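Colleague: Hi! Could you walk me through this model when you have a minute?
Modeller: Happy to, let me put it up for both of us.

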Amino acid sequence: ATGFFIFTHRQKLLRIRRYSEWLESIIERMPIGVMVIQGDNQMPSIINAAAAKLLVRKSRIGGKAKTFAEMFQIVRNNGRPYPNDELPISISRATGRPAMKDDVYIRQADGSRIAVRMTCSPIKHTELGTLGIITIMEDMTEAYLEESQKTDFISVASHELRTPLTG
């Protein structure tokens, strides 16, 4: 009976490992940034390639960071630091509910900024409570640029239509 249990236990472990590898593969290949922060940590324990591409660690720029916002150079559109407690990660952690912000910018090493829609949700376990926060980051830079160009075009066209023709 013991041999049967060990064989069955090994099969279960193998299935769990394969399932885990399958999930990791899916997350890694997603075209949007995905990261998981466990417990009260500031550092992600899981981060896919798309998220790593968006995020710039302050340690590469210089200095010690204390918060997630400082660590990854999270700023507002005007370039001022984003208060850590106003980020979706902090809101989701504090409320236990999903949170989303689309006014988040990540300052890059060259000084440019990437516009990001950041959506966070707690990872909950029925018995263990909140295990961490999953964060989805979508690069909105192109969409915001297109919207700005449309607004500018409409503004110019509207002005031109109001201006009398002179000949």
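Modeller: Here is a short tour, from the overall build to a few residues.

Modeller: Keep in mind that this is a predicted model.

Colleague: Sure. How many helices and strands does the chain have?

Modeller: There are six helices and six strands. Along the sequence they run α-β-β-α-α-α-β-α-β-β-β-α.

Colleague: And what share of the residues counts as buried?

Modeller: That comes to 26% of the 167 residues. The chain exposes about 11700 Å², with carbon and sulfur atoms supplying 57% of that area.

Colleague: Thanks! Switching to charges: which residues gather in the patch of negative charge on the surface?

Modeller: Those are D139, E142, E146 and E147.

Colleague: Which helix gives the most to it?

Modeller: Helix α6, residues 141–162, contributes three residues to the negative patch. E146 is found in that helix.

Colleague: Why does E146 count as partly exposed?

Modeller: Because its relative accessibility is 45%, and partly exposed runs from 20% to 50%.

Colleague: Got it. New topic: which residue has a positive phi although it is not a glycine?

Modeller: Q73 does, with a phi of about 55°. For background, most residues other than glycine have a negative phi.

Colleague: Where does Q73 lie?

Modeller: Q73 is in the loop between α4 (68–71) and β3 (74–75).

Colleague: Is Q73 buried or exposed?

Modeller: Q73 counts as buried, because its relative accessibility is 10% and the cut-off for buried is under 20%.

Notes. Residues are numbered from 1 along each chain as its sequence is written. This is a predicted model: local features need pLDDT of at least 70, side-chain atom pairs count only at pLDDT 80 or more; totals for chains, interfaces and linings use all residues. Side-chain values use heavy atoms; hydrogens and water are left out. Patches are made of residues with over 30% relative accessible area and no salt bridge: like charges are joined within 9 Å, nonpolar side chains (Val, Leu, Ile, Met, Phe, Trp, Tyr) within 5 Å. Accessible areas come from the Shrake-Rupley method with a 1.4 Å probe; for residues, only the protein chains shown count as cover. A salt bridge is a side-chain nitrogen of Lys or Arg within 4 Å of a carboxyl oxygen of Asp or Glu. Lys and Arg count as positive and Asp and Glu as negative; His and the chain ends are not counted. The place of a charge is taken as NZ of Lys, CZ of Arg, CG of Asp or CD of Glu. Helices (H or I, at least four residues) and strands (E, at least two) are DSSP runs, numbered from the N terminus. Buried means under 20% relative accessible area, exposed over 50%, partly exposed in between (1.4 Å probe, protein chains only).
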